[in-house]
Amino acid sequence: MDETPQPRWMIVANVVRWRRYGDGGQELRPGTKAYRGGARVFVVDSYPGMGHEDVTTVGQARNTGHWITIDMPSRHLHTCRARLVHALAVLRRAEKLGVAAHTEECARERAAGLERLAALYRREAHPGVPHPGGCLCHECLSGGPGPVSSG
């Protein structure tokens, strides 16, 4: 009756462990409201007309562990990579959304592009505002370039 979906190439990413929040980004929050920091999510769709600022993700919810599908800012993701996905919960949700399957090469190119854009959007989130002392945001923890100055 219900066919088992075939594995497909997708973008897999992790949610940032800490994100800057609030006025001038001086507060830090762990992960996002929906996902724990470091959680693995599957990017099933993005919005090219909006510069991929938001993406549709499938992952396990922060509090319940149930599989959820939500749109979220791409700046909250890091370590985007292409993987052949076998998880039935993810594949069924992608099929339900009518997401087109990608080749391995296409998924790798899209993952690299999304990684660059996510890093750019993280830096631009609070332009010209210094990071708080002892900042734990992704850029500070990974030794990234830090905030973009507004000049």
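**A tour from hairpin to core**

Begin by selecting Tyr-21, whose bridge partner in strand S3 is Glu-27; the model in your viewer is a predicted one. Widen the selection to strand S2 (residues 18–21) and S3 (residues 27–30), and you have two strands that pair in the antiparallel sense over four bridges. Five residues lie between the strands of this hairpin, in which Gly-22 takes a positive phi near 80°.

Next, display the open sheet, in which five strands follow the order S6-S5-S4-S1-S7 with antiparallel pairing. Strand S6 (67–73) and S7 stand at the edges and have a single partner strand each, so one side of each is left without a neighbour in the sheet. Averaged over the sheet, and with direction ignored, neighbouring strands are turned by 35° against each other. Within the sheet, select S4 together with strand S5 (residues 54–60), which pair in the antiparallel sense over five bridges, and look for Phe-42, which stands opposite Val-58 in S5.

Now add the helices. Helix H1 (residues 88–97) packs on the sheet, where it touches S1, S4, S5, S6 and S7, and its direction makes about 60° with that of S6. H2 also packs on the sheet, touching S1, S4, S5 and S7, with its direction at about 165° to that of S7.

Finally, select Tyr-35 and Leu-77, the residues with the most contacts inside the largest nonpolar core, which has 14 residues. Strand S1 (8–15), strand S4 (40–46), strand S7 (77–85) and helix H2 (104–124) each supply at least two residues of this core, and S1 gives the most, with three. Apart from this core lies another, of ten residues, including Met-10, Phe-42, Val-58 and Leu-91.

Conventions:
Residues numbered from 1 in each chain as written. Predicted model: local features only at pLDDT ≥ 70, side-chain atom pairs only at ≥ 80, totals over all residues. Heavy atoms only, no water. Core = buried A, V, L, I, M, F, W, Y, C linked by side-chain atoms within 4.5 Å. Buried < 20%, exposed > 50% of the residue type's maximum accessible area, 1.4 Å probe, protein only. Pairing = 2+ DSSP bridges. Axes fitted to C-alpha atoms, helices over the stretch in contact; angles between N-to-C directions. Contact = heavy atoms within 4.5 Å.
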